[in-house]
Amino acid sequence: MVFDGRRTRAELEAGNATYHYYSLPAAEAAGLHGITRLPYTLKIVLENQIRQQADGMTGSEGVTAIAGWLRNRSSDHEIGFRPARVLMPDSSGIPLLGDMAAMRDAFARLGGDPKRLNPQLPIDFICDHSVMVDEHGHAGALAGNMRLELERNKERYDFLRWGRDAFENFRIVPPGSGICHQVNLERLARVVWTRTGNGRTIAFPDSVIGMDSHTAMINSLGVVGWGVGGLEGGIAALGEAVSMAIPEVVGCRLSGKPRAGVTSTDIALTVTQVMRGHKVVGKFVEFFGPGVDELALPDRATISNMTPEYGPTMGFFPVDAETLRFLTLTGRDSAQVALVEAYCKAQGLWRDAGTPLPDYTQVVEIDLGAVEPSVSGPRRPHERVPLAKARDAFRDAYPEKGGAAPVAGSGHALQSGDVVIAAITSCTNTSNPSVMVGAGLLARNAVRRGLKTRPWVKTSLSPGSRVVADYLARSGLQQPLEQLGFHVTGFGCMTCMGNSGPLPEPIADAIEAGGLATVAILSGNRNFEGRIHPAVRANFLASPPLVVAYALAGSIDKDLSKDPLGDDRDGNPVFLRDIWPDTDEIRAVIGQTLTPELFRQHYAAPVDPEGWQQSGDAASTIYDWNPASTFIRRPPFFDDMEAEPPKVSDITGARVLAIFADMLTTDHISPIGSISPKTPAGQYLQSLGIAPKDFVNYAARRLNHDVMTRGTFASVRIRNEMTPQVEGSWTRHQPGLEEMSIYDAAQCYAREGVPLVVIGGAEYGAGSSRDWAAKGTRLLGVRAVIAESFERIHRSNLVGLGVLPLQLMNGVTRHTLKLDGSEVIDVTGLEAGLTSRMDVQCRITRSTGERISVPLRVRLDTHPEVEYYRHGGIFHSVLRRLIKEGAHA
């Protein structure tokens, strides 16, 4: 059928205003039969396609393909999605800004007008990933950490201010304002977006592409959005459609009611564990059922925030009365709230108890009444265990406990299982008043009983927005938290992303001397090995009240369900159940302290830290790179770029750089935290005269490719199966078998002209949206990654950098192939003609001379991805097109 989206335009009255919109009921009447049965997320994607078609940006193929999804509740069709806006934190945003500045250089070198390279969508840039927990446990910690952040990042922030002035559609939320996803939830998201033109105001669903994997947190508000790498986010900002295959949609039916003492964190960890087992990578997940009505919107936000930890693109809650209540509570304009209600009801995007069930690809059941107090660890977010089994999980993972190691000058000793970091951190939980007030009440109850934090525990409180600190102070709960050492240390990601800062030197020395497996307890979303702190082996995710409880207990080697946390002033044992906060009191405190005025007050007066508004470089079109800088270097990806792409070639004579087990995370591939002096990156910085105390961390050096390439596959906890006897960034150079760092081996192969491949297990590239995990892979000379399966964002990032993701098939694994890294790899069939998801042959030549061939699936999943790879990268493709368009303008 030939569909004309213009005929679906209708009018809507809301809040004393008239809006035009593209009506889904009108689209059904025009021939898209049955679309009322589509899942909510696909209805929103369908509206996006109708609007694009009506604006003349695409044909009607995407519209009819989404309607056709209902036949099999799946589709192989590709579409281009255009979001309303782009969200980016500084950790991925500053590297993207560097890429765009370098693209302008290449634009000028190839004869184009660099001013043509500009964001076409609104960009919200939030500085939240740089602040570290250097100071803690005292009233001046917040000011001290902010001062250090501005000093360390002056060069980066000057560059950022240049970008704000040099590019269009670029809005910055300054350091100290909060975490991007919480700011998005509390302020930026509108649920229904509008644009004005030709005398009309068009209303359409809010949607966002975020350059951080936890962007899906906004799904809790009924907003379609997901995380991507900096590459895909960059092309979205430049006005390109985001290429995607129409996904399967899994319905997660929530039933029952949470029991007393069960937190939203416990529910989110349970959902993560259950859904990870259903293999939902790359799918949409929608929550429905009577259990949804038992969840306040912040509870839903905690669940949606954990979406990337079990693999789908989105974890979506439709708009309902609770959505409107939250929008009102957070100070949104009443006219906007009225528009959200009217629009969603008109479009069939409203959920209530009587709403017919959409057609889902499959349905998963979770009973909220069966959820119990939990933690997840010690290495993966989906490793949920009941609180009573936390000790067993630690002991099973680290059976060689070792002895006690004295802590110099303290009078006490440290042993394996001791908690050395207890952090209330991350937008995952600090966005939820119920668990934050719960933590404050637990602290109050503990102080009243005379309990104290153990002296070896580094405590911190890093809220995701300033509103949290305000309501804790107003409720009187900040004081008992501070009495236990939980002073506010900053408003940013901090410990959750690995910016936990240094441990006290005597503690660090004791850990190293005793070879101890110590523990971090955090209210974050990720606990991968080496992520939180390089000296801490075990990391457990927990609710904020449990973080406080473990700080009191001082060890994971206690069963908090029955062992005492400590003794009161009279020497009587105090148990967790004795100080656990009452649910009714939590609700009462929230009702007394959270008001719309509180949110309006904070967001009406943006943070302006000292020195932030000082002018950086002049806003020239072309950035003036400083060759002596060790923070801001021009990315090398466009240095040799020519006007036409090179021909695609087969991969011949490749060596294996490394072999990794299942679920190698992007934290393993490209660490974000501290730089060890003994690593290639640390040795490089020292060779430039930079002392280890001034390294800052990998996150701060992300626009220095010489540091980041040396930091690729450089986690202190990474394990290469080619060097099973050692932990860390080691491999064997072939064919001589000399053991060396992965970086040094890659340099040897580069000098020899030998291409490289990396071999992986299942779920390769899980975790953060870290584009440097792909950038570093490319700069090491890796042509392809061969794995059993890929996580969504990292696969996309590899394609975006011109690294070919190749998937093993038919149950074949690195183990069934008996790979040891001595093999020579040839991949043929690429030169004959590249198509999406084609099969190619991989010839493996063993050191004995034996040869075998296996088929591999080329994981270029869409036609645009084939083009990106053919051009050598996603930005290369866009840049060449813009240059050609400029030449014909």
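Ala784 stands opposite Leu804 in strand 31, and this pair is a good place to start reading the predicted model. The two residues belong to a parallel pairing in which strand 30 (residues 782-787) and strand 31 (residues 804-808) are joined over four bridges. That pairing is one step in a barrel: seven strands close up in the order 26-29-30-31-34-33-32, with mixed pairing. Ignoring direction, neighbouring strands of this sheet are turned by 35 degrees against each other on average. Against the barrel lies helix 27 (residues 742-752), which crosses strand 26 (651-659) and strand 29 (756-759) and runs at about 165 degrees to strand 26.

Arg795 is worth a look while you are in this part of the chain. Its place is in helix 29 (residues 792-800). Is Arg795 buried or exposed? With a relative accessible area of 8%, Arg795 is buried, because the cut-off for that label is under 20%. Setting aside neighbours within four places in sequence, the contacts of Arg795 are Phe790, Pro805, Arg859, Leu860, Asp861 and Glu865.

**An open sheet and its helix**

Another sheet is built from five strands in the order 6-5-4-9-10; this one is open and its pairing is parallel. Strand 6 (170-173) and strand 10 (224-227) stand at the edges with a single partner strand each, so one side of each has no neighbour in the sheet. From one strand to the next, the twist averages 20 degrees. Strand 5 (residues 123-126) pairs with strand 6 in the parallel sense over four bridges, and Ile126 is found opposite Val173 in strand 6. Helix 4 packs on this sheet, where it touches strand 4 (85-89), strand 5 and strand 6; the direction of helix 4 makes about 105 degrees with that of strand 4.

A hairpin can be found at strand 7 and strand 8, with two residues between the strands, and Asn198 in the turn has a positive phi of about 55 degrees. Strand 7 (residues 192-197) and strand 8 (residues 200-205) pair in the antiparallel sense over six bridges, and Thr196 has Thr201 as its bridge partner in strand 8.

For comparing the strand pairs side by side, here is a small table.

| Strand pair | Sense | Bridges | Residues opposite each other |
|---|---|---|---|
| Strand 30 and strand 31 | parallel | four bridges | Ala784 and Leu804 |
| Strand 5 and strand 6 | parallel | four bridges | Ile126 and Val173 |
| Strand 7 and strand 8 | antiparallel | six bridges | Thr196 and Thr201 |

**Cores and buried residues**

The largest nonpolar core holds 197 residues, and the members that touch the most others are Phe159, Leu221, Leu657, Phe713 and Tyr764. Which helix gives the most to this core? Helix 4 (residues 90-109) does, with nine residues. Phe159 touches Ile94, Leu97, Gly98, Ala101, Tyr623, Trp625, Ile632 and Leu703, when residues up to four places away in sequence are not counted. There is also a second, separate core of 98 residues, with Leu269, Val271, Ile511 and Ala553 among its members.

Helix 7 (residues 180-188) is mostly covered, with eight of its nine residues buried. Those buried residues are Cys180, His181, Gln182, Val183, Asn184, Leu185, Glu186 and Leu188.

Phe394, in helix 14 (residues 390-397), counts as buried because its relative accessibility is 0%. Apart from neighbours within four places in sequence, Phe394 is in contact with Ser416, Gly417, Ala517, Val519, Ala538, Phe540 and Ile556. Val468 sits 74 residues from Phe394 along the chain, and the C-alpha atoms of the two are separated by 32 Å.

**Pockets and cavities**

Rolling a probe the size of a water molecule over the atoms shows where empty space is left. How many cavities of 30 Å³ or more does a search of the whole structure find? The search finds nine. The largest cavity has a volume of about 220 Å³. It is lined by 23 residues, and the closest to its centre are His129, Asp212, His214, Met497 and Arg531.

The largest pocket has a volume of about 1500 Å³. Its lining is made up of 46 residues, and Pro534, Ser674, Ser676, Pro677 and Val716 lie nearest its centre. Helix 19 (505-514) and helix 25 (680-687) each supply at least two residues of that lining. Helix 19 gives the largest share, with five residues.

Definitions and conventions: Residues numbered from 1 in each chain as written. Predicted model: local features only at pLDDT ≥ 70, side-chain atom pairs only at ≥ 80, totals over all residues. Heavy atoms only, no water. Core = buried A, V, L, I, M, F, W, Y, C linked by side-chain atoms within 4.5 Å. Buried < 20%, exposed > 50% of the residue type's maximum accessible area, 1.4 Å probe, protein only. Contact = heavy atoms within 4.5 Å. Pairing = 2+ DSSP bridges. Axes fitted to C-alpha atoms, helices over the stretch in contact; angles between N-to-C directions. 1 Å grid on protein atoms, 1.4 Å probe; cavity = no way out; pocket = protein on both sides within 12 Å on 5 of 7 lines; lining within 4 Å. Points joined across faces, edges and corners; volume = space filled by probe spheres on them.
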